[in-house]
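Colleague: Could you choose one part of this protein and take me through it closely? I'd like to see how that part sits in its surroundings, and how far I can trust the picture.

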Amino acid sequence: MGQRFSQFKTFPERLAHSFQTSHSMLCVGLDPDISRMPTGYGTSAADIERFCVEIVKATAEYACAFKPQIAYFAANRAEGALENIIGRIHELAPHATVVLDAKRGDIGATAKQYAIEAFDRFQADSVTLSPYMGHDSVEPYHAYPDRGLFILCRTSNPGGNDLQFLVTGREEPIYQTVAKLATNAWNPHQQVGLVVGATYPDEIRAVRRLAGDAPLLVPGVGAQGGDLLNTVKNGLCSQGWGLLINSSRAILYASSGADFAQAAAREAESTRAAIQTAKDQAHSG
Ligand SMILES: O=C(O)c1cc(=O)[nH]c(=O)n1[C@@H]1O[C@H](COP(=O)(O)O)[C@@H](O)[C@H]1O
């Protein structure tokens, strides 16, 4: 981010710029799986970088955000490629918010290092975090008040039920306690958003009620079969935005042939259009 968004002092301002410039709530996920590289690409860090940059070029005009998932890079000794890719996103899609999907969470001293990793090393605009270790595991990120923190709340996977639905002493499921704590007590700079899966649109409604206009990162459309229409209906903020709707595999692997970038562009364009249609329906109904 650095110079790039220096006119914006807060994360909500930066995100509003991404939404308004792109006219999109689509977040393109960068999850480069080396077993699914397209024709003409090997599995080296250089190949991963080249593949992701082609996807960024092809989809930039349809996306408000890009979300690289760090495990796909670290597993293949490609963190350097990830740094380069984020640098290229800043050049090729200067409007786009970069979400580093790292799902970090640790004691304060270690969290401080994770914050340096996300924001100084990788120059991400925002990062995903686990709430499990509580307020002091989030505090070190407040040293970067203009960056976003997306805290796992109601995740898209079936196992999310194991813990997130347990009823707390406040007589509500844990995910609702997370939504309240994260967007209030853990949020002195209004930089906190929540992760809520498109596979659970009823919970998106509940979270939106509890979280005011906080941005929601919503994975689970596309490959996980989430419900786009109800996600949008239930999740829009009072400004009519507020959702980063992520799709990774459905876009990245729309084709495994030499036309993968064109196929990715078509998939991104149609996902953005489907989001817009859902938004229009939400406003009319
Ligand atoms: O934090 C996330 O991004 C995340 C949270 C969640 O609840 N579910 C979820 O799928 N994700 C991530 O979102 C992406 C979903 O990828 P696709 O299912 O291929 O669109 C992956 O990078 C997941 O790690």
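Modeller: Happy to! In this predicted model, residues 24 or more positions apart account for 73% of the contacts in the protein chain with a separation of 6 or more. The chain is built from 12 helices and 8 strands, and buried residues make up 49% of its 285 residues. Its radius of gyration is 18 Å, which agrees with the value near 19 Å for a compact globule of 285 residues. Along the principal axes, the C-alpha atoms fill a box of roughly 55 × 50 × 40 Å.

The part I'd choose is helix 8, residues 174–183. Of its 10 residues, 7 are buried, so helix 8 is largely enclosed by the rest of the structure. Which residues of helix 8 are buried? They are Tyr175, Gln176, Thr177, Val178 and Ala179, together with Ala182 and Thr183. As for what they pack against, the partners are two strands, strand 5 (148–154) and strand 6 (192–196), and two helices, helix 7 (160–164) and helix 9 (201–211).

A good way to see this packing is from the other side, through Ile151. Beyond its neighbours within four places in sequence, Ile151 is in contact with Val178 and Ala182, both of which are among the buried residues of helix 8. Ile151 also contacts Leu129, Pro131, Val192, Leu194 and Val195. Now widen the view to the largest nonpolar core, which has 87 residues. Ile151 and Leu194 are among those with the most contacts inside this core, along with Ala63 and Phe66. Helix 2 (residues 45–59) supplies the largest share of the core, with 7 residues.

Since you work at the bench, you may want to find the ligand as well. It is surrounded by 20 residues, the closest being Thr155, Ser156, Pro219, Ser248 and Arg249. The elements giving two or more residues to that shell are strand 3 (97–104) and strand 8 (243–247). By class, the shell has 13 polar, 4 charged and 3 nonpolar residues.

Finally, the question of trust. The mean pLDDT of the chain is 96, with 99% of its residues at 70 or more. Among the elements, strand 4 (residues 126–129) has the highest mean, 99, and helix 12 (residues 260–284) the lowest, 96. The model as a whole scores ipTM 0.99 and pTM 0.97. Where pLDDT is low, the predicted coordinates should not be read in detail.

Terms used
Residues are numbered from 1 along each chain as its sequence is written. This is a predicted model: local features need pLDDT of at least 70, side-chain atom pairs count only at pLDDT 80 or more; totals for chains, interfaces and linings use all residues. Helices (H or I, at least four residues) and strands (E, at least two) are DSSP runs, numbered from the N terminus. The radius of gyration is taken over C-alpha atoms; the globule rule is 2.2 Å times the number of residues to the power 0.38. A residue is buried if 20 or more other C-beta atoms lie within 10 Å of its own, exposed if 12 or fewer, and partly exposed in between; C-beta atoms are placed from the backbone. Two residues are in contact if their C-beta atoms, placed from the backbone, lie within 7 Å. A residue is near a molecule or strand if its C-beta atom, placed from the backbone, lies within 6 Å of it. Ala, Val, Leu, Ile, Met, Phe, Trp, Tyr, Cys and Pro count as nonpolar, Asp, Glu, Lys and Arg as charged, and the others, Gly among them, as polar. A nonpolar core is a set of buried Ala, Val, Leu, Ile, Met, Phe, Trp, Tyr and Cys residues joined through C-beta atoms within 7 Å. pLDDT is the predictor's confidence in each residue, from 0 to 100.
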